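Here are a few short exercises to try with the structure open beside you. Work through each task first, then compare your reasoning with the solution.

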Amino acid sequence: MINLALKDIKYSLNKFIVTAISVGVLLGIVIIMIGVYRGMVFDAKVLVSDIKANIWVVQQDTLGPFAQTSKIHEDLKEQIGYQEGIESADAITFQTFQLENRYGDFKVMLVGYDPFGKIEVINRAKLIEGRVIQKQHYEIVVSKKTNYKLGERIKLGRDYFKVVGITDNTVSNGGDYLIFTSLKDAEILQFTYTNERIRSDSKRGIKGGNPHLVNAIIATTKSGYDPEKVARAIEKTTHKKVFTTEEETTLLLQKVIKKSSKQLGTFTVILIIVSIVIIALIIYTMTLEKMKEISIMKLIGIPNFTISKMIIQETMALSILSFMAGNIFAYFISDRFPKRILLLPEDAFTLSFIIVVFSIFASLFGIYKVIKTDPAQAIGG
Amino acid sequence: MYKENAITIENLVKKFGKDDNELTVIDGATFSLKKGEFVALVAPSGAGKTTLLMMLGCVLEPTSGKIVIGEEIAYDDKWLIKDDRELRRKKIGFIFQAHYLIPFLNIEENITLLPYQNGESKKVVQPRVKEIMDYLDMSEKMGSMPSELSGGQNQRIAIARALANEPDIILADEPTAALDKERALSVVKMLKRITRERGVTIIMVTHDDRLLPFCDKVLTIKDKKIDVKENIDEII
């Protein structure tokens with residue numbers, strides 16, 4: 001038995017490949033959009049999951065430190081440390097910076113932590129070069145994507161910091177690259193003002209200096225203690241808002257990136273719909289282009305089933321080839337985006353399933369046209 | 001009753017349109033053609049030649065009348081066959097003014113498409129196709145694409161395709177119209193030979209009087225009526 005679809009594809013192979021690649025690029029864009037969405041959701045959780053704490057103490061009546069500004073005193077960590085069920089507690093700060101180097105300017109989030117604290121803030125698994133901070137001053141660990149090299153000196157505020165470590169895949173909930181300094185340096189950067197500002201504050205009766213405020217106290221619980229119960233107990237005794245890591249993650253997803261993820265999700269759905277319409281039109285047009293041959297086949301006695309099978313097989317071949325081209329395209333360009341593009345195989349397969357199903361649905365229009373075609377059309381009768 | 005006949009037509013009527021716009025093209029045609037006859041269908045343009053051919057091929061539904069293909073009643077005021085395409089696939093071959101080969105199939109595939117569709121095995125089909133191609137002197141073109149052949153060669157391939165499913169009837173709609181005089185004569189001689197050697201009945205629409213001497217009968221359409229003439233000289 002002759003496979004008509006295979007023969008037709010072989011006959012117009014170049015056209016078929018160009019069509020498949022064009023559709024593939026369109027699918028690639030959809031895959032990238034899904035990847036952007038996934039990347040954003042993933043990034044939102046990276047920092048919280050990298051910090052090996054399971055309790056977050058923040059300013060009362062706030063949703064800090066990410067969803068809302070939170071400022072609490074650094075020494076609160078001593079009080080938290082003595083709470084029942086707490087193994088260790090450390091202070092932590094977060095602030096954004098605009099940095100500039102020979103590769104351009106970019107936004108970073110600076111994480112200030114106690115290098116001698118017991119809680120791991122820099123995920124060791126992500127430290128690809130150098131070491132973590134081991135001094136109270138002038139050492140910095142940067143994200144690989146900032147393009148700083150080990151040993152390089154970076155000016156932050158009034159001081160220079162030496163790059164002692166480089167991390168990979170460390171980003172803030174907003175997708176900005178992370179840099180880490182000691183808590184002391186971070187406080188200086190946050191609260192040391194210019195001389196003009198100090199004089200201005202003084203005239204207004206405002207006392208300057210480091211107020212030793214941090215954004216959160218992070219803590220770990222002893223084994224056998226439920227972080228949830230410990231958190232509620234701390235809330236009662238300290239009059240601060242306390243979240244478990246799970247609650248903090250939920251806050252990030254539901255408050256911080258909710259709108260942007262919804263916007264991106266909506267745009268992705270629209271893009272999928274547009275792609276389906278375009279693919280459907282291409283498949284329908286492919287069928288219409290063959291109407292003369294189809295009429296001849298019907299006239300000489302080829303059954304509808306054989307002709308329909310040809311259309312379905314060509315549709316499947318186009319869908320599969322486009323899907324492959326789309327994935328290759330997405331894979332190669334995903335690294336060129338400044339923020340994380342998370343390409344998940346399950347997303348690609350779900351998309352391919354949707355595309356194949358709708359392509360077959362679209363080919364049904366072509367098949368309907370085939371069934372309705374008068375074979376006499378072949379000879380213009 | 002119809003044993004000796006390849007086609008029998010009784011009181012066949014074809015009208016197009018309705019009410020005031022109704023147009024009768026064929027009005028009460030009755031004739032029968034024997035197996036192995038080579039018949040020309042001659043009429044002015046627009047007289048209904050292709051319409052008649054399409055009705056005989058069970059492509060176009062008549063308004064009334066009877067069509068019998070071999071011994072099978074295909075139409076008797078309504079279609080009596082379940083699958084018109086199966087009937088065409090198994091009993092009727094078509095040759096058109098243009099070759100109308102499937103452009104994405106090579107010559108061998110164009111010819112074997114119908115036999116394979118009929119469920120015939122490669123073992124049966126291959127020797128038959130080889131024989132037909134030898135018969136048409138086209139054996140060396142089996143692997144070529146239609147676009148690689150000349151008009152005359154493609155028309156011969158169209159004839160081979162029409163013969164490949166061993167039909168009882170071949171309906172040829174001006175098969176020589178696109179060919180020069182020499183090639184036209186060669187094709188008609190070939191068709192004549194096919195009727196004699198293979199017992200196939202061929203109805204050939206033509207405007208070319210020079211081809212009529214090769215035919216056994218001539219069907220003419222005049223004033224919507226069909227006349228069967230066996231004396232070719234009378235027509236010429």
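**Exercise 1: The overall form of chain A**

In chain A, residues 24 or more positions apart make up 77% of the contacts with a separation of 6 or more. Keep in mind that this is a predicted model.

Task: Find how the radius of gyration of chain A compares with that of a compact globule of 381 residues.

Solution:
- Step 1. Start with the elements: chain A holds 11 helices and 12 strands.
- Step 2. Take the reference value, which for a compact globule of 381 residues is near 21 Å.
- Step 3. Set the value for chain A, 30 Å, against that reference.
- Step 4. Look at the spans along the principal axes: the C-alpha trace of chain A covers about 100 × 50 × 40 Å.
- Step 5. Finish with burial, where 39% of the 381 residues of chain A count as buried.

**Exercise 2: Is B:Val39 buried or exposed?**

Task: Decide whether B:Val39 counts as buried or exposed, then list what B:Val39 touches.

Solution:
- Step 1. Locate the residue: B:Val39 sits in strand β3 (residues 38-42) of chain B.
- Step 2. Recall the cut-off, which is 20 or more other C-beta atoms within 10 Å for a buried residue.
- Step 3. B:Val39 has 22 C-beta neighbours inside 10 Å, so B:Val39 counts as buried.
- Step 4. Leaving out residues up to four places away in sequence, B:Val39 touches B:Leu33, B:Ile202, B:Ile203, B:Cys215, B:Asp216, B:Lys217 and B:Leu219.
- Step 5. Now try a distance: from B:Val39 to B:Gly28 is 11 residues in sequence and 19 Å in space, C-alpha to C-alpha.

**Exercise 3: Two helices and an interface**

Task: Classify how α3(B) lies against helix α5 (residues 151-164) of chain B, then find what α3(B) gives to the side of chain B that touches chain A.

Solution:
- Step 1. The two helix axes come within 8 Å and cross at roughly 25°.
- Step 2. α3(B) is therefore roughly parallel to α5(B), and the crossing is right-handed.
- Step 3. Pick out the contact residues, among them B:Ile107 and B:Leu114 of α3(B) and B:Ile157 and B:Ala160 of α5(B).
- Step 4. Sorted by class, this contact has 7 nonpolar, 2 polar and 1 charged residues.
- Step 5. Turn to the interface, where 21 residues of chain B are in contact with 20 residues of chain A.
- Step 6. α3(B) gives the most to the side of chain B that touches chain A, with 5 residues.
- Step 7. By class, that side of chain B has 13 nonpolar, 2 polar and 6 charged residues.

Notes:
Residues are numbered from 1 along each chain as its sequence is written. Chains are lettered from A and ligands numbered from 1 in the order in which they are written. This is a predicted model: local features need pLDDT of at least 70, side-chain atom pairs count only at pLDDT 80 or more; totals for chains, interfaces and linings use all residues. Two residues are in contact if their C-beta atoms, placed from the backbone, lie within 7 Å. Helices (H or I, at least four residues) and strands (E, at least two) are DSSP runs, numbered from the N terminus. Ala, Val, Leu, Ile, Met, Phe, Trp, Tyr, Cys and Pro count as nonpolar, Asp, Glu, Lys and Arg as charged, and the others, Gly among them, as polar. A residue is buried if 20 or more other C-beta atoms lie within 10 Å of its own, exposed if 12 or fewer, and partly exposed in between; C-beta atoms are placed from the backbone. Axes are lines fitted to C-alpha atoms, for helices over the stretch in contact, and angles run from 0 to 180 degrees between N-to-C directions. Angles under 35 degrees count as roughly parallel, over 145 as roughly antiparallel, 65 to 115 as roughly perpendicular and the rest as oblique. A crossing is left-handed if the near helix is turned anticlockwise from the far one by less than a right angle, and right-handed if clockwise. The radius of gyration is taken over C-alpha atoms; the globule rule is 2.2 Å times the number of residues to the power 0.38.
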